[in-house]
Amino acid sequence: MNHYYGRKRAFTLAEVLITLGIIGVVAAMTIPTLISNHKKKVIETRLKVAQSTISQMLNFAIAEYGDPNTWEFSQVYGSDVSDQNRKKLIIDLTEKYFLPYLKDVNRSGYMSMSKAGYDVYHAPDGSINSNNLNFLSKEHYVIEFANGMTIFVYMNSSTANGGISTNILLYIDVNGKHPPNVFGKDTFVAEIISSTGKFTWLGSTDSRDELKEKCKNGMVCGALIQQDGWQIKKDYPVKI
(Lines give C-alpha, C1' and ligand atoms only; values in the text may rest on other atoms or scores of the structure.)
Protein backbone atom coordinates (compact mmCIF):
# COMPACT_ATOMS: atom_id res chain seq x y z
CA MET A 1 0.00 0.00 0.00
CA ASN A 2 2.94 2.33 0.60
CA HIS A 3 4.49 1.78 -2.84
CA TYR A 4 2.35 4.47 -4.46
CA TYR A 5 3.35 7.15 -1.97
CA GLY A 6 7.01 6.26 -2.25
CA ARG A 7 7.21 6.99 -5.94
CA LYS A 8 8.76 10.26 -7.17
CA ARG A 9 6.79 12.05 -9.82
CA ALA A 10 8.86 12.58 -13.03
CA PHE A 11 8.49 15.42 -15.53
CA THR A 12 6.62 14.57 -18.67
CA LEU A 13 8.24 15.10 -22.06
CA ALA A 14 5.86 17.97 -22.73
CA GLU A 15 6.87 19.73 -19.51
CA VAL A 16 10.57 19.34 -20.34
CA LEU A 17 10.05 20.77 -23.84
CA ILE A 18 8.07 23.71 -22.49
CA THR A 19 10.79 24.46 -19.93
CA LEU A 20 13.53 24.29 -22.58
CA GLY A 21 11.47 26.53 -24.80
CA ILE A 22 11.13 29.14 -22.06
CA ILE A 23 14.88 28.98 -21.37
CA GLY A 24 15.56 29.42 -25.10
CA VAL A 25 13.31 32.48 -25.36
CA VAL A 26 14.89 34.12 -22.29
CA ALA A 27 18.38 33.38 -23.64
CA ALA A 28 17.50 34.81 -27.06
CA MET A 29 16.29 37.98 -25.36
CA THR A 30 19.17 38.47 -22.93
CA ILE A 31 22.33 37.10 -24.57
CA PRO A 32 22.53 39.72 -27.37
CA THR A 33 22.21 42.46 -24.74
CA LEU A 34 24.92 40.90 -22.61
CA ILE A 35 27.24 40.60 -25.62
CA SER A 36 26.56 44.20 -26.64
CA ASN A 37 27.19 45.48 -23.11
CA HIS A 38 30.46 43.55 -22.97
CA LYS A 39 31.58 45.03 -26.30
CA LYS A 40 30.74 48.51 -25.04
CA LYS A 41 32.78 48.00 -21.88
CA VAL A 42 35.76 46.79 -23.91
CA ILE A 43 35.58 49.84 -26.20
CA GLU A 44 35.21 52.26 -23.28
CA THR A 45 38.22 50.75 -21.52
CA ARG A 46 40.41 50.67 -24.61
CA LEU A 47 39.60 54.27 -25.51
CA LYS A 48 40.71 55.38 -22.05
CA VAL A 49 43.89 53.33 -22.45
CA ALA A 50 44.53 54.94 -25.85
CA GLN A 51 44.14 58.44 -24.44
CA SER A 52 46.35 57.67 -21.46
CA THR A 53 49.03 56.10 -23.65
CA ILE A 54 49.21 59.00 -26.10
CA SER A 55 48.94 61.74 -23.47
CA GLN A 56 51.77 60.17 -21.49
CA MET A 57 53.85 59.89 -24.66
CA LEU A 58 53.34 63.59 -25.39
CA ASN A 59 54.19 64.61 -21.82
CA PHE A 60 57.50 62.76 -22.05
CA ALA A 61 58.27 64.31 -25.45
CA ILE A 62 57.46 67.82 -24.19
CA ALA A 63 59.64 67.25 -21.12
CA GLU A 64 62.58 66.38 -23.38
CA TYR A 65 62.04 68.68 -26.37
CA GLY A 66 60.12 71.61 -24.90
CA ASP A 67 57.31 73.65 -26.43
CA PRO A 68 55.72 71.82 -29.41
CA ASN A 69 55.78 75.14 -31.28
CA THR A 70 59.51 74.55 -31.65
CA TRP A 71 59.13 71.02 -32.98
CA GLU A 72 59.92 70.54 -36.66
CA PHE A 73 56.40 69.52 -37.65
CA SER A 74 54.56 72.50 -36.13
CA GLN A 75 54.84 74.60 -39.30
CA VAL A 76 56.21 73.84 -42.72
CA TYR A 77 56.91 77.11 -44.45
CA GLY A 78 56.50 77.47 -48.21
CA SER A 79 54.22 75.47 -50.43
CA ASP A 80 55.83 72.04 -50.54
CA VAL A 81 53.09 69.66 -49.42
CA SER A 82 54.11 66.93 -51.82
CA ASP A 83 53.67 63.32 -50.81
CA GLN A 84 57.42 62.98 -50.44
CA ASN A 85 57.65 65.95 -48.08
CA ARG A 86 54.64 64.74 -46.10
CA LYS A 87 56.21 61.28 -45.81
CA LYS A 88 59.47 62.68 -44.44
CA LEU A 89 57.65 64.87 -41.95
CA ILE A 90 55.51 62.03 -40.61
CA ILE A 91 58.47 59.66 -40.32
CA ASP A 92 60.64 62.27 -38.58
CA LEU A 93 57.82 63.26 -36.26
CA THR A 94 56.81 59.73 -35.27
CA GLU A 95 60.31 58.33 -34.83
CA LYS A 96 61.59 61.33 -32.85
CA TYR A 97 58.66 62.37 -30.68
CA PHE A 98 56.39 59.32 -30.51
CA LEU A 99 58.04 55.91 -30.71
CA PRO A 100 60.74 56.43 -28.05
CA TYR A 101 58.00 57.04 -25.46
CA LEU A 102 55.65 54.21 -26.39
CA LYS A 103 55.72 50.81 -24.72
CA ASP A 104 54.74 47.39 -26.03
CA VAL A 105 54.93 48.26 -29.73
CA ASN A 106 54.94 45.10 -31.86
CA ARG A 107 55.41 46.69 -35.26
CA SER A 108 55.80 50.18 -36.67
CA GLY A 109 56.65 51.75 -39.99
CA TYR A 110 55.51 54.02 -42.78
CA MET A 111 53.53 51.91 -45.25
CA SER A 112 50.37 51.66 -47.29
CA MET A 113 47.18 50.17 -45.92
CA SER A 114 47.49 47.12 -48.17
CA LYS A 115 51.14 46.51 -47.27
CA ALA A 116 50.27 46.74 -43.59
CA GLY A 117 47.61 44.07 -44.14
CA TYR A 118 44.51 46.21 -43.56
CA ASP A 119 41.35 46.51 -45.59
CA VAL A 120 39.40 49.73 -46.09
CA TYR A 121 37.40 51.11 -43.17
CA HIS A 122 33.67 51.82 -43.35
CA ALA A 123 31.18 54.25 -41.91
CA PRO A 124 28.52 52.81 -39.55
CA ASP A 125 26.01 52.52 -42.40
CA GLY A 126 28.43 50.38 -44.41
CA SER A 127 29.41 53.10 -46.85
CA ILE A 128 32.96 54.15 -47.63
CA ASN A 129 33.28 57.83 -46.80
CA SER A 130 36.11 60.14 -47.77
CA ASN A 131 38.75 59.67 -45.10
CA ASN A 132 42.32 58.53 -45.12
CA LEU A 133 41.59 54.89 -44.23
CA ASN A 134 39.45 54.31 -47.30
CA PHE A 135 42.29 53.95 -49.79
CA LEU A 136 44.47 50.84 -49.72
CA SER A 137 47.27 52.71 -51.46
CA LYS A 138 47.24 55.52 -48.89
CA GLU A 139 50.37 55.58 -46.74
CA HIS A 140 50.45 56.20 -43.00
CA TYR A 141 52.81 55.59 -40.15
CA VAL A 142 51.37 52.41 -38.68
CA ILE A 143 51.92 51.59 -34.99
CA GLU A 144 50.70 48.20 -33.76
CA PHE A 145 50.64 47.45 -30.02
CA ALA A 146 50.86 44.18 -28.12
CA ASN A 147 47.33 44.71 -26.75
CA GLY A 148 45.92 44.64 -30.32
CA MET A 149 45.44 48.38 -30.75
CA THR A 150 46.63 50.04 -33.97
CA ILE A 151 47.28 53.75 -34.52
CA PHE A 152 47.57 55.25 -38.00
CA VAL A 153 49.45 58.56 -37.92
CA TYR A 154 48.49 61.05 -40.61
CA MET A 155 49.47 64.69 -41.07
CA ASN A 156 46.67 67.13 -41.82
CA SER A 157 47.87 70.46 -43.26
CA SER A 158 46.14 73.78 -43.74
CA THR A 159 47.45 77.11 -45.00
CA ALA A 160 47.76 79.74 -42.28
CA ASN A 161 49.92 82.80 -41.56
CA GLY A 162 51.92 82.48 -44.75
CA GLY A 163 52.88 78.91 -44.00
CA ILE A 164 51.30 75.51 -43.60
CA SER A 165 49.94 74.78 -40.15
CA THR A 166 49.83 71.08 -39.39
CA ASN A 167 47.88 68.99 -36.95
CA ILE A 168 48.40 65.28 -36.54
CA LEU A 169 45.42 63.04 -37.13
CA LEU A 170 45.39 59.72 -35.29
CA TYR A 171 43.10 56.95 -36.50
CA ILE A 172 42.83 54.61 -33.52
CA ASP A 173 41.57 51.07 -34.09
CA VAL A 174 41.10 49.65 -30.60
CA ASN A 175 41.28 46.02 -31.77
CA GLY A 176 43.55 46.29 -34.81
CA LYS A 177 42.88 43.95 -37.71
CA HIS A 178 39.94 42.28 -36.03
CA PRO A 179 36.48 43.17 -37.38
CA PRO A 180 34.38 45.16 -37.77
CA ASN A 181 36.88 47.97 -38.67
CA VAL A 182 34.05 50.52 -38.63
CA PHE A 183 34.24 54.12 -37.47
CA GLY A 184 32.31 54.57 -34.25
CA LYS A 185 32.40 50.85 -33.47
CA ASP A 186 36.06 49.97 -33.05
CA THR A 187 37.80 52.85 -34.82
CA PHE A 188 37.96 56.46 -33.62
CA VAL A 189 39.62 59.69 -34.75
CA ALA A 190 41.78 61.92 -32.57
CA GLU A 191 44.30 64.65 -33.22
CA ILE A 192 47.38 66.22 -31.73
CA ILE A 193 47.28 70.01 -31.89
CA SER A 194 50.69 71.12 -33.11
CA SER A 195 50.62 74.46 -31.27
CA THR A 196 50.06 72.87 -27.85
CA GLY A 197 51.11 69.25 -28.22
CA LYS A 198 47.82 68.23 -26.63
CA PHE A 199 45.86 65.11 -27.47
CA THR A 200 42.14 65.57 -28.17
CA TRP A 201 39.36 63.54 -29.74
CA LEU A 202 38.11 64.96 -33.01
CA GLY A 203 35.10 67.20 -32.33
CA SER A 204 35.79 67.57 -28.62
CA THR A 205 34.73 71.24 -28.62
CA ASP A 206 31.24 70.42 -29.95
CA SER A 207 28.17 70.15 -27.77
CA ARG A 208 26.72 66.74 -26.97
CA ASP A 209 23.81 67.26 -29.37
CA GLU A 210 26.26 68.18 -32.14
CA LEU A 211 28.40 65.14 -31.37
CA LYS A 212 25.39 62.81 -31.41
CA GLU A 213 24.47 64.02 -34.88
CA LYS A 214 28.01 63.98 -36.27
CA CYS A 215 28.75 60.60 -34.68
CA LYS A 216 26.31 59.00 -37.12
CA ASN A 217 29.15 58.90 -39.66
CA GLY A 218 31.52 57.59 -37.00
CA MET A 219 34.15 60.30 -37.09
CA VAL A 220 33.63 62.11 -33.75
CA CYS A 221 32.34 59.24 -31.64
CA GLY A 222 35.42 59.18 -29.40
CA ALA A 223 34.64 62.72 -28.24
CA LEU A 224 31.04 61.73 -27.49
CA ILE A 225 32.08 58.74 -25.40
CA GLN A 226 34.58 60.85 -23.47
CA GLN A 227 32.01 63.61 -22.91
CA ASP A 228 29.61 60.99 -21.54
CA GLY A 229 32.13 60.01 -18.87
CA TRP A 230 33.68 57.17 -20.88
CA GLN A 231 30.32 55.48 -21.31
CA ILE A 232 28.51 54.34 -24.44
CA LYS A 233 25.02 55.38 -23.45
CA LYS A 234 21.69 54.07 -24.67
CA ASP A 235 21.29 56.93 -27.14
CA TYR A 236 24.72 56.37 -28.72
CA PRO A 237 23.95 56.74 -32.45
CA VAL A 238 26.04 53.78 -33.64
CA LYS A 239 24.84 50.24 -32.95
CA ILE A 240 27.51 48.25 -31.12
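**Reading a predicted model, feature by feature**

Colleague: Trp230 sits in the segment after α6 (221-227). What is the sign of its phi?

Modeller: A reminder before we start: this is a predicted model. The phi of Trp230 is positive, about 60 degrees, although Trp230 is not a glycine.

Colleague: Is Trp230 buried or exposed?

Modeller: Start with the cut-off. Buried means under 20% relative accessible area. Trp230 counts as buried because its relative accessibility is 18%.

Colleague: Which residue of helix α2 touches Trp230?

Modeller: Take Glu44. Glu44 lies in helix α2. Leaving out residues up to four places away in sequence, Glu44 touches Trp230, Gln231 and Ile232. Glu44 has 7% relative accessibility, so Glu44 counts as buried.

Colleague: Let me step back. How many helices and strands does the protein have?

Modeller: There are 6 helices and 7 strands. Read the order from the N terminus: α-α-β-α-β-α-β-β-β-β-β-α-α.

Colleague: How do I read burial and contacts over the whole protein?

Modeller: Look at shares. The protein has 240 residues, and 42% of them count as buried. For contacts, take those with a separation of 6 or more. Residues 24 or more positions apart make up 57% of these contacts.

Colleague: Now α2. How far does α2 reach from its first C-alpha to its last?

Modeller: Compare the span with the one expected for the number of residues. Helix α2 covers residues 13-65, which is 53 residues. The helix reaches 76 Å, close to the 78 Å expected at 1.5 Å a residue.

Colleague: Where does α2 bend?

Modeller: A bend is read as an angle between helix axes on either side of a residue. In α2 the bend is about 25 degrees, at Ala28. A proline, Pro32, follows within four residues.

Colleague: Which residues of α2 are buried?

Modeller: Walk along the helix. The buried residues include Ser36, Lys40, Ile43, Glu44 and Leu47. Further along, Ile54, Met57, Leu58 and Ala61 are among them.

Colleague: What follows α2?

Modeller: Gly66 does, and its phi is positive, near 80 degrees.

Colleague: How do I find empty space inside a model?

Modeller: Rolling a probe the size of a water molecule over the atoms shows where empty space is left. A cavity is space the probe cannot leave, while a pocket is open. Here, 2 cavities of 30 Å³ or more are counted.

Colleague: Which residues line the second largest cavity?

Modeller: Its volume is about 40 Å³. The lining is Ile54, Met57, Phe98, Leu102, Ile143, Phe145, Ile151 and Leu170. Helix α2 and strand β3 (139-145) each supply at least two of the lining residues. By class, the lining has 8 nonpolar residues, no polar and no charged.

Colleague: And the pockets? How much space lies in the largest pocket?

Modeller: The largest pocket holds about 270 Å³. Its lining has 13 residues, and Lys39, Ile43, Asn175, Pro180 and Lys185 are the closest to its centre. The lining divides into 6 nonpolar, 2 polar and 5 charged residues.

Colleague: Which element gives the largest share of the lining of the second largest pocket?

Modeller: Helix α2 does, with 5 residues. This pocket has about 190 Å³ of space. Its lining has 13 residues; nearest its centre lie Thr53, Leu102, Lys103, Asp104 and Phe145. There are 7 nonpolar, 4 polar and 2 charged residues in the lining.

Colleague: Back to Pro180. Is the peptide bond from Pro179 to Pro180 cis or trans?

Modeller: Read omega. Here omega is near 15 degrees, and the bond is cis. Pro180 lies in the loop between β5 (163-173) and β6 (187-193).

Colleague: What about Asn181 in that loop?

Modeller: Asn181 has a positive phi of about 55 degrees, though it is not a glycine. Its relative accessible area is 10%, so Asn181 is buried.

Colleague: One last residue. What does Tyr154 touch?

Modeller: Contact means heavy atoms within 4.5 Å. Tyr154 belongs to strand β4 (residues 150-160). Not counting residues up to four places away in sequence, its partners include Arg86, Ile90, Asn132, His140, Asn167 and Tyr171. Tyr154 counts as buried because its relative accessibility is 10%. Check sequence against space too. Tyr154 and Glu191 are 37 residues apart in sequence, yet 9.2 Å apart from C-alpha to C-alpha.

Definitions and conventions:
Residues are numbered from 1 along each chain as its sequence is written. This is a predicted model: local features need pLDDT of at least 70, side-chain atom pairs count only at pLDDT 80 or more; totals for chains, interfaces and linings use all residues. Side-chain values use heavy atoms; hydrogens and water are left out. The expected span of a helix is 1.5 Å times one less than its number of residues. The bend at a residue is the angle between axes fitted to the seven residues ending there and the seven starting there. Buried means under 20% relative accessible area, exposed over 50%, partly exposed in between (1.4 Å probe, protein chains only). On a 1 Å grid over the protein atoms alone, a cavity is a set of points where a 1.4 Å probe fits but cannot get out, and a pocket is an open set with protein on both sides within 12 Å along at least five of seven lines; lining residues have an atom within 4 Å of a point. Grid points are joined across faces, edges and corners, and a volume is the space filled by probe spheres set on the points. Ala, Val, Leu, Ile, Met, Phe, Trp, Tyr, Cys and Pro count as nonpolar, Asp, Glu, Lys and Arg as charged, and the others, Gly among them, as polar.
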